[in-house]
Amino acid sequence: MSDRSWILERLRAAERNPEPSVAAPGPEFDADWAAFRSGFEALGGVWIEGLADVKWPPCAVADDDVAQWLPSHVERMEDPWTADIGVTGVDIAIAETGSLLIGNQPGRRRLNSLAPPIHLAICRPSALVGSFQEGMAGIPERTSVLISGSSRTADIEGILVRGVHGPRELWLVVLDE
């Protein structure tokens, strides 16, 4: 039997006996900030207790919804490529993975989370969900950015390098509500 015939036979068999759907959600995961923080820090994220504890660099670029949190001594930049820190809001924090989801909406630019060497994400406590499935169900149909730690890449020998194609550091502040 030729490779082509073998592949076609497998496709026909799959049509006759389809695999069960994988759309069912995985096991439940409690929406717990301790679990989120553990996963977030394991991915190299830096947990900051409050905005007063942020060591602000000289210049920052910020999304419209979080620009109010920039202190007066920090120069607000418009170009994310020249800013020391990019500040964004967070739409969803996923406890199961320690990941952040940032939705694309007016007043937000994806480059603010990607171009500066430090990305500071500001999150409300109500943004926490338990599982990845819950997080994905909560996103709008618009393009979003899923962030799991700071930028990292490895060469063929497995040497890990941070910040090559994105921020070297990812900081997170969870606001008090």
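**Exercise 1. Aromatic pairs**

Task: State how many aromatic pairs the structure holds, and classify the pair formed by the rings of Trp33 and Trp47.

Solution.
Step 1. This predicted model holds 4 aromatic pairs.
Step 2. For Trp33 and Trp47, the ring centres are 6.1 Å apart and the planes stand at 65°. Planes over 60 degrees apart count as edge-to-face, so the Trp33 and Trp47 pair is edge-to-face.
Step 3. The pair links distant parts of the chain, with Trp33 in helix α2 and Trp47 in strand β1, 14 residues apart.
Step 4. Trp33 has 23% relative accessibility and counts as partly exposed, while Trp47 has 17% and counts as buried.

**Exercise 2. A second ring partner for Trp47**

Task: Classify the pair formed by the rings of Phe36 and Trp47, and say which residues belong to the ring cluster.

Solution.
Step 1. The ring centres of Phe36 and Trp47 lie 6.3 Å apart, with the planes at 55°, so this pair is tilted.
Step 2. Phe36 sits in helix α2 and Trp47 in strand β1, 11 residues apart.
Step 3. Both Phe36 and Trp47 are buried.
Step 4. Ring pairs join Trp33, Phe36, Phe40 and Trp47 into a cluster.

**Exercise 3. The two sides of helix α2**

Task: Determine which residues of α2 are buried, which are exposed on the other side, and what the buried ones pack against.

Solution.
Step 1. Helix α2 spans residues 33-42, and in this helix Phe36, Gly39 and Phe40 are buried.
Step 2. These residues cover an arc of only 100° around the axis, which puts them on the same side of α2. As background, an α-helix has 3.6 residues a turn, so residues three or four places apart point the same way.
Step 3. Ala34 and Ala42, on the other side of α2, are exposed.
Step 4. The buried residues of α2 pack against five strands by name: β1 (46-48), β5 (92-94), β6 (99-103), β8 (128-129) and β12 (169-174).
Step 5. At the N-terminal end, Asp32 caps α2, with a side-chain oxygen 3.0 Å from the backbone nitrogen of Ala34. After the helix comes Gly44, whose phi is positive, near 95°.

**Exercise 4. A salt bridge within α2**

Task: Describe the salt bridge between Glu41 and Arg37, and name the network that includes these residues.

Solution.
Step 1. The closest N and O atoms of Glu41 and Arg37 are 3.1 Å apart. The cut-off for a salt bridge is 4 Å.
Step 2. Glu41 and Arg37 are 4 residues apart in helix α2, which means about one helical turn separates them.
Step 3. Glu41, at 36% relative accessibility, counts as partly exposed, and Arg37, at 29%, also counts as partly exposed.
Step 4. Salt bridges link Arg37, Glu41 and Glu49 in a network.

**Exercise 5. Salt bridges between loops and strands**

Task: Give the count of salt bridges, then locate the partners in the Arg76 and Asp64 pair and in the Arg108 and Asp91 pair.

Solution.
Step 1. The count comes to 5 salt bridges.
Step 2. The side chains of Arg76 and Asp64 meet at 3.8 Å, N to O. Arg76 is in strand β3 (residues 75-76) and Asp64 in the loop between β2 (59-62) and β3, 12 residues apart.
Step 3. Arg76 counts as partly exposed at 39% relative accessibility, whereas Asp64 counts as exposed at 55%.
Step 4. Arg108 and Asp91 form a salt bridge at 2.7 Å, N to O. Arg108 lies in the loop between β6 and α3 (111-114) and Asp91 in the loop between β4 (85-89) and β5, so the pair ties together parts 17 residues apart in sequence.
Step 5. Arg108 counts as buried at 10% relative accessibility, and Asp91 counts as partly exposed at 31%.

Definitions and conventions:
Residues are numbered from 1 along each chain as its sequence is written. This is a predicted model: local features need pLDDT of at least 70, side-chain atom pairs count only at pLDDT 80 or more; totals for chains, interfaces and linings use all residues. Side-chain values use heavy atoms; hydrogens and water are left out. Buried means under 20% relative accessible area, exposed over 50%, partly exposed in between (1.4 Å probe, protein chains only). The arc is that of the directions from the helix axis to the C-beta atoms. Contact means heavy atoms within 4.5 Å. A polar contact is a pair of N or O atoms within 3.5 Å; within protein, one must be able to donate a hydrogen and the other to accept it, and residues adjacent in sequence count only if both atoms are side-chain atoms. Rings of Phe, Tyr and Trp (its six-membered ring) pair if their centres lie within 6.5 Å; planes under 30 degrees apart count as stacked, over 60 as edge-to-face and the rest as tilted.
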